[in-house]
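Me: I'm new to this one, so could you walk me through it step by step?
Reply: Gladly; have a look at it below and then ask away.

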Amino acid sequence: IKTFLDVPLPKQFSWAEKGRIEELKHYILRDNQFLVHRSGNLIKPLTADNVMKILGMSERQCKALIRKMKNFNVIKEIKFVDFTYFAFNPIYGLKEKRLSLNVYLFFQDELKDILPKWVVQKFVSQANEIHPNFEIIK
């Protein structure tokens, strides 16, 4: 999992929280940065309950961490028609060698300041050709 070395997690995260976020990186699905787990032969989105069990936290602690990660754009909650996923910001951990258009669209506000202008322009022109069907939940 790659990270942008000059972009550490925000300093508002404690060392314990950073360790928990690091653990969540193991659940990133390739291509789209979704946090998922295997259930039998199926790949399912991680829920707050799954995160709570994985990280060994209470419900209150887990919800506070998820809220904090969302507030600092470490993760975003992405809703499609039938499913809702947590997507991990590629600035803090990228599973693939290349950034996909969907991931760029999920995190475009954060990425446009980091990526070269020509890359942003390429993604914008690709995005104009399609009509993405997702919603970011705050």
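**Cavity and sheet**

Reply: Asp31, Gln33, Leu94, Glu96, Arg98, Leu99, Ser100 and Val103 line the largest cavity, where a cavity is a set of points on a 1 Å grid over the protein atoms alone at which a 1.4 Å probe fits but cannot get out, and lining residues have an atom within 4 Å of a point. This is a predicted model, in which local features need pLDDT of at least 70 and side-chain atom pairs count only at pLDDT 80 or more, while totals for chains, interfaces and linings use all residues. Residues are numbered from 1 along each chain as its sequence is written, and side-chain values use heavy atoms, with hydrogens and water left out.

Me: How much space lies in the largest cavity?
Reply: About 30 Å³, taken as the space filled by probe spheres set on the points.

Me: And what is its lining like by class?
Reply: The lining has 3 nonpolar, 2 polar and 3 charged residues.

Me: Switching to the sheet, what is the strand order?
Reply: The order is E4-E3-E5 in an open sheet of 3 strands with antiparallel pairing, where strands are DSSP runs of at least two residues and two of them pair if DSSP finds at least two bridges between them.

Me: Which strands stand at the edges?
Reply: E4 and E5 do, each with a single partner strand, so one side of each is left without a neighbour in the sheet. On average, neighbouring strands of this sheet are turned by 40 degrees against each other, direction ignored.

Me: Is E3 mostly covered or mostly open?
Reply: Strand E3, residues 75-79, is mostly covered, as 4 of its 5 residues are buried, meaning under 20% relative accessible area with a 1.4 Å probe and protein chains only.

Me: How many bridges link E3 to E4?
Reply: There are 5 bridges between E3 and E4 (residues 84-88), in the antiparallel sense, and the two strands form a hairpin with 4 residues between them.

Me: What does Lys79 stand opposite in E5?
Reply: Lys79 stands opposite Glu135 in E5, while in E4 its bridge partner is Thr84.

Technical notes. Buried < 20%, exposed > 50% of the residue type's maximum accessible area, 1.4 Å probe, protein only. 1 Å grid on protein atoms, 1.4 Å probe; cavity = no way out; pocket = protein on both sides within 12 Å on 5 of 7 lines; lining within 4 Å. Nonpolar A, V, L, I, M, F, W, Y, C, P; charged D, E, K, R; others polar. Axes fitted to C-alpha atoms, helices over the stretch in contact; angles between N-to-C directions.
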